[in-house]
Amino acid sequence: MAEKDVVITGLSVSYTGLFNYADLFRLIDAFLIDKGYDRKEAKHVETVKPEGKYIEIGLGPGKALSDYAKSNLSIGIKANGIKEVTATIDGVKQKLNSGTVTVTFEGVLETDYEGRWENKPFYLFLKILWDKYVIKTFTGGFEKIIKADIEQLRDQVKGYLNLERVRAPA
């Protein structure tokens, strides 16, 4: 069984106001494709309520960093009270969404994700030694990659939502 080490957790971005939900999702999707992550949507819930639409999406993209280590991200998008509004920005009418959105981020390093080292007890013993003394220098670099990817994605989402705050009409 693969070992999973949580590299980074507890990062989130919250925003209340006007924004384009589809553009936010496209921004995250484009970032993941650019960084080489596979597309995996673990959860998608949409509920229409009187106060607005509730949307919850859980993304679980991953990518192989080597034949031994894999990066797994967990991105949660929760939007509450989403209503479609028409706003005039710079003299152009645009359809936007109004409500609250929260995006959470987590990064996990998964080692021996193919389970090659657990076929026999001797291999498992070698795996423990390998993890403790040899591969730790390499996985430290992998942890930095995961942390950098999560922080860069968070900064892009935060920048996009701050841009929407500036663009939104008063």
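**View 1. I75 of β5 stands opposite F105 in β6.** The two strands run antiparallel and are joined by 19 bridges, with β6 covering residues 92–111. Strands here are DSSP E runs of at least two residues, helices are H or I runs of at least four, and both are numbered from the N terminus. Two strands pair if DSSP finds at least two bridges between them. A hairpin with 2 residues between the strands connects β5 and β6. In its turn, D90 has a positive phi of about 55°.

The model is predicted: local features need pLDDT of at least 70, side-chain atom pairs count only at pLDDT 80 or more, and totals for chains, interfaces and linings use all residues. Residues are numbered from 1 along each chain as its sequence is written, and side-chain values use heavy atoms, leaving out hydrogens and water.

**View 2. Strand β5 also pairs with β3 and β4.** β3 (residues 52–59) and β5 (residues 69–89) run antiparallel, joined by 6 bridges. G58 stands opposite G76 in β5. Strand β4 (residues 62–64) pairs with β5 over 3 bridges, also in the antiparallel sense. A64 has K70 in β5 as its bridge partner. A hairpin of 4 residues joins β4 to β5.

**View 3. R26 and D23 form a salt bridge within helix α1.** The N to O distance is 2.6 Å. A salt bridge is a side-chain nitrogen of Lys or Arg within 4 Å of a carboxyl oxygen of Asp or Glu. The whole structure holds 8 salt bridges. Both residues lie in α1 (residues 21–34), 3 residues apart, about one turn of the helix. R26 is exposed at 51% relative accessibility, and D23 is partly exposed at 29%. Buried means under 20% relative accessible area, exposed over 50%, partly exposed in between (1.4 Å probe, protein chains only).

**View 4. K35 meets D149 in a salt bridge of 3.8 Å, N to O.** K35 lies in the loop between α1 and β2 (41–49), and D149 in helix α3 (residues 136–167), so the pair ties together parts 114 residues apart in sequence. K35 is partly exposed at 25%; D149 is buried at 5%.

**View 5. E56 forms a salt bridge with K43.** The closest N and O atoms are 3.0 Å apart. The pair links distant parts of the chain: E56 sits in strand β3 and K43 in strand β2, 13 residues apart. E56 is buried, with a relative accessible area of 15%. K43 is partly exposed at 40%.
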